[in-house]
Amino acid sequence: MGNKKVFISVYDKDGIVDFARKLQKEFDYNIVSTGGTYKELKENGIEVTEVSEITGFTELLHGKVKSLHPKVFAGILASRTREDEVKELKENEIDTIDMVVVNLYPFEEVSKDEEMSIDELYEYIDIGGVTLLRAAAKNFFSVTPVFSSGIYEKVIEDLYENDGNTTYELRRELAVKAFSYTASYDSIISEQLAKRLLDEPEEEMPEVFNLNLEKLQDLRYGENPHQKAALYGKTSNIKFEVLHGKELSYNNIVDLSTALNIVSEFIDVPAACIIKHNNPCGVALGKTITDAYLKAHYGDPISAFGGIIGLNEPVTKEIAEHAVQIFFEVIVAPDFTEEALEILKSKKNLRLVKIPVSLLEYRMAQKYTVKDLPFGTLIQDADKAELTTDNFKVASTQKPTEKQIEDMIFAWKVVKHVGSNAIIIAKDLRTIGIGMGQTSRIASIEIALKQACDEATEAVMASDGFLPAVDNIYAAVQSRIGAIIQPGGSIKDADIIAEADRYDIAMIMTGLRHFKH
């Protein structure tokens, strides 16, 4: 055996036997290991030294203390270029360690089990592994930190290309990533222990907010071509599957998320929407998913060009036959029938995205929204407030009909996903007019009513914020709107209600506001 030494202790043993065998056979590494990893390597015919032979101590405290010893850490941390440190190693008969291969207990994975007791969870807090990796990363001038089976091949290739030694460039890269790995691990522990141990009021945000994001993929560019962008996430994020088409862009991902946010509001009924620039241009419910899609497209077929289709049921052959005739960027749905896939794949750039989880699970996945500003980072709960019997209050003398109530609930679920100031005109469970992003509410109302045109008669209107003035009612009256749903809360509520009563318009006040900026 040569003079190079590698310390190996891994929880996830995927690929470790082959990696260790190559280190030993191809590059003459002496291997030191602990516990289960030692046993795994030994049983597979690999020559390995147990760490206790180096430290003089057997494992202590049921395996909690194995590698935390000067003869291990001095061998990792010692500078190879400082004569006094090299001398000190020799005086204490300590060998240098050139590579540390460690991955950590799966704390994040097991912490998802909210029924797990704190005593059980404690057992998954890795101490020695984190310390070993940090030591190796600190001394990357001489030591290679290897923290994932996903980089074994990269390390082996580097050794082959450099006469059995890792390069400074690789060690530097892995050191940075190792510190990110341990920092993320520690922040997850902090987050989980705060949730379980600290008596923080539920209405308050955490004192420390850890995002723990890992880059999932680089994107071609951001919102505009001159902006760099990437998709970041963590293991709890919903994964999507691209079945066909070009790589998803930054804007595609934003838009398909909005599409799913809307259709996931309707779990028990077929729902479809078409998104353009992060806002819906058509949303509808239907007897079938094909019916819902056709109604959504009919809501604004001009704006639908170049948009994104979102569905809460699998894409049918009939939808595919219609959609393939129009330019769409993305279709996102729980699944696609084989016939639909065959038709849609004829458009080589059309992105077909499958969401392999229930839309109820999707809907619950996002807990916060984050906005990074020069002044700091704003974080808030995701807007998941629901209409209930407690906040669905009839404020007018005129009572809404059952059909109007259905349309108002539909419109209210949609308006929360439209950029403020937002107005939805709806009829027969489909949008017929959408006003968005205006700096005055009356402007959004006028845009929505103009789009609805004659169909506005006896339709319902939903507003994401309170109606601030009676001119909002006059505009609705001129288009013969039959019912209005809005948060209320204006100092002019009494005047608004009086005008609604004057023209026999039913009005619901929810007490909920759904601004979206």
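Trainee: How is the accessibility of Asp12 to be read, as buried, exposed or partly exposed?

Mentor: Relative accessible area is read in bands, with buried meaning under 20% and exposed meaning over 50%. In this predicted model, Asp12 has a relative accessibility of 39%, and therefore counts as partly exposed. Asp12 sits in the loop that joins β1 (5-10) to α1 (16-27).

Trainee: Which residues does Asp12 touch, once those up to four places away in sequence are not counted?

Mentor: Asp12 touches Asn103 and Ser149 on that count. The chain also brings Leu104 into the picture, since its C-alpha atom and that of Asp12 are separated by 7.8 Å although the two residues are 92 apart along the chain. Within its own loop region, a polar atom of the Asp12 side chain lies 3.1 Å from the backbone nitrogen of Asp14.

Trainee: Where is Asp464 found, and is it buried or exposed?

Mentor: Asp464 is found in the loop between β19 (460-463) and α19 (471-478), and its relative accessibility of 0% makes it buried. Its side chain makes a polar contact with the side chain of Arg441 at 2.8 Å, and also reaches the backbone nitrogen of Ala422 at 3.1 Å. Leaving aside neighbours within four places in sequence, the residues in contact with Asp464 include Val415, Ser420, Pro487, Arg513, His514, Phe515 and Lys516.

Trainee: Which side chains make polar contacts with the side chain of Glu265?

Mentor: The side chain of Glu265 makes a polar contact with that of Arg363 at 3.3 Å, and another with that of Lys416, also at 3.3 Å. Glu265 belongs to the loop between α11 (250-263) and β9 (271-276), and counts as buried because its relative accessible area is 7%. With neighbours within four places in sequence set aside, Lys413 and His417 are also among the residues in contact with Glu265.

Trainee: What does the relative accessible area say about Ile491?

Mentor: With a value of 87%, Ile491 is exposed. Ile491 lies in the loop between β20 (483-486) and α20 (493-502). As for separation, Ile491 and Val242 are 249 residues apart in sequence, and their C-alpha atoms are 50 Å apart in space.

Trainee: Turning to helix pairs, at what angle do α8 and α10 pack?

Mentor: An angle between helix axes is read by its band, and one over 145 degrees counts as roughly antiparallel. Helix α8 (residues 128-138) and helix α10 (residues 168-197) pack at about 150°, with their axes 9 Å apart, and α8 is therefore roughly antiparallel to α10. The crossing of these two helices is left-handed. On the α8 side, Val130, Leu133, Arg134, Ala137 and Lys138 take part, and they meet Ala175, Ala178, Phe179, Tyr181, Thr182, Tyr185 and Asp186 of α10. Sorted by class, this contact has eight nonpolar, one polar and three charged residues.

Trainee: How are α18 and α19 oriented, roughly parallel or roughly antiparallel?

Mentor: Here the band that applies is the one under 35 degrees, which counts as roughly parallel. The axes of helix α18 (residues 441-452) and α19 cross at roughly 10° and come within 10 Å, so the two helices are roughly parallel to each other. Their contact is made by Arg441, Ile442, Ile445 and Leu449 of α18, together with Asp471, Asn472, Ala475 and Ala476 of α19. By class, the residues of this contact divide into five nonpolar, one polar and two charged. Arg441 thus appears twice, in this helix contact and as a polar partner of the Asp464 side chain.

Notes: Residues numbered from 1 in each chain as written. Predicted model: local features only at pLDDT ≥ 70, side-chain atom pairs only at ≥ 80, totals over all residues. Heavy atoms only, no water. Helix = DSSP H or I, 4+ residues; strand = E, 2+ residues; numbered from the N terminus. Buried < 20%, exposed > 50% of the residue type's maximum accessible area, 1.4 Å probe, protein only. Contact = heavy atoms within 4.5 Å. Polar contact = N/O pair within 3.5 Å; in protein donor to acceptor, adjacent residues only side chain to side chain. Axes fitted to C-alpha atoms, helices over the stretch in contact; angles between N-to-C directions. Parallel < 35°, antiparallel > 145°, perpendicular 65-115°, else oblique. Left-handed = near helix turned anticlockwise from the far one by under 90°. Nonpolar A, V, L, I, M, F, W, Y, C, P; charged D, E, K, R; others polar.
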